[in-house]
Amino acid sequence: MTGDKERKILLVDMNAYFASVEQQCNPELRGKPIVVCGEGRTIVTTASYEARRYGVKTGMNLYEAKRACPFVIPVIGNIDKYVSTSLQIHKILLEYTDRVEVFSIDECFMDLTDVERFWGGGEKIALRIKQSIKKQFGLTCSIGIAPNRVVAKIAGKYKKPDGLTILTAEEVPAFMAKLTVDQLQGVGLGNKVAQKLKYMGINTAKQLGEADADMLKARFGVMGRFYKNVGLGIDHTPVKSYSDEPPVKSVGHSHTLPEDTYDLSVVKSFLLMLSEKTAARLRGYKLTGRTVYLTVRFDDFEMFSGRDTLKHFLNTGVELYELAWKIFQRLMPLKKAVRLLGVSITNLTRGVERQEYLFEDMQKKQRLTEVMDNINNKYGSFTIKPGAIKIAEQHGILERCGIIGTSLIKE
């Protein structure tokens, strides 16, 4: 195994990704403070840098964002658009090495150890990547290069936006020594852990690295040793190949209702819409599943989660909806207004959707579903839809959720 001092790990971190994509898609938004969010009562998913200057932050609700910046522009997010762009960015990274690991929708690790010499070094690769992404998409990214993943990720966030930070093994100790524990977040050390460390008198990465391992283990369990290594800037985790990405374990969608409701027709409409979206994505992954989960959040923020498992596998929205509604009926009669609904499916497998059905009507349904998917993938979600989805249209749910006219991923 290659030692830390010989490794060259690069982290690509897209800047204000969702907001930047929206600004590129709509020139009228460029240079203006915008926030990407959901429909209705929602929180900020990403704020543009123009909005951040006024104190708008990810996680704020829309009211807080408008209070910080009264003229901020809310934009309804489109996850399929962001995923599609990410997949195209991945193609740029794969021009240099197959050791590309997707860390999140806007971050990727690359192991340049064995290939940098062919491109004139890590810095030249980083500059070429930044240039290609800027030219092709009009987007900027920040890049960190270091001997391991932990330090590369911290370096990638060190200069934003559009930054480049390169660290050698010899430079890592001095670089880590000046960081606070808050700056270590995002590398396996979250906000709550940072707060606990500060309560223990550990405020800097240097103090964390010098902390007694047994004390950290007693406080944080097996993660104690990991946190100490983070403080020291040590990480031996390899970067996986792009083709080694873990399989999808669950597929689902959730949505906050425009207003809290006891109306079961509205609940059914949302369940149907969520089930169709989940099933379409499931088929896009060429998967089927057996275990359906329903999540319900009420007006007092209390949560309900129920599940049911079938003997057979399913991949259609109608089947998914029927099972989700069956689970929902456990809550009847409703004692609280419904605020949020979520539908997901697990216990997944591949290939079952290709089975030859014995009965002619089931074969017809399968062919119809395939035709519907092909048309919707080409012309947009719900261009063709099951008759039952008309319920959702009657309540204006498709329009409110921004579904009509939204294109699916195109490669």
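This is a short tour of a predicted model, with stops at a sheet and two helices.

**The sheet.** Begin with residues 34-37, which form strand 2. Strand 2 belongs to an open sheet of three strands, in the order 3-2-4 and with mixed pairing. Select 46-47 and 73-76 next: these are strand 3 and strand 4, the edge strands, each of which pairs on one side only. Strand 2 and strand 3 run antiparallel and are joined by two bridges. To see one of these contacts, show Val36 and its bridge partner in strand 3, Thr46. Now add residues 17-25, helix 1, which packs on the sheet and touches strand 2, strand 3 and strand 4. The direction of helix 1 makes about 110 degrees with that of strand 2.

**Helix 6.** Move to residues 149-158, where eight of the 10 residues are buried. The buried residues include Arg149 and Lys153, along with Val150, Val151 and Ile154. At the start of the helix, show the side chain of Asn148: one of its oxygens comes to within 3.2 Å of the backbone nitrogen of Val150.

**Helix 10.** Finish at residues 213-220 and pick out the buried residues, Ala213, Leu216 and Phe220. They lie on the same side of helix 10, because the arc they cover around the axis is only 65 degrees. Asp214 and Ala218, on the other side, are exposed. Display 191-199, 205-210 and 223-232 to see what the buried residues pack against: helix 8, helix 9 and helix 11. At the N-terminal end, Asp212 caps helix 10, with a side-chain oxygen 3.1 Å from the backbone nitrogen of Asp214. Just past the helix, Gly221 has a positive phi of about 70 degrees.

Notes:
Residues numbered from 1 in each chain as written. Predicted model: local features only at pLDDT ≥ 70, side-chain atom pairs only at ≥ 80, totals over all residues. Heavy atoms only, no water. Buried < 20%, exposed > 50% of the residue type's maximum accessible area, 1.4 Å probe, protein only. Helix = DSSP H or I, 4+ residues; strand = E, 2+ residues; numbered from the N terminus. Arc of directions from axis to C-beta. Contact = heavy atoms within 4.5 Å. Polar contact = N/O pair within 3.5 Å; in protein donor to acceptor, adjacent residues only side chain to side chain. Pairing = 2+ DSSP bridges. Axes fitted to C-alpha atoms, helices over the stretch in contact; angles between N-to-C directions.
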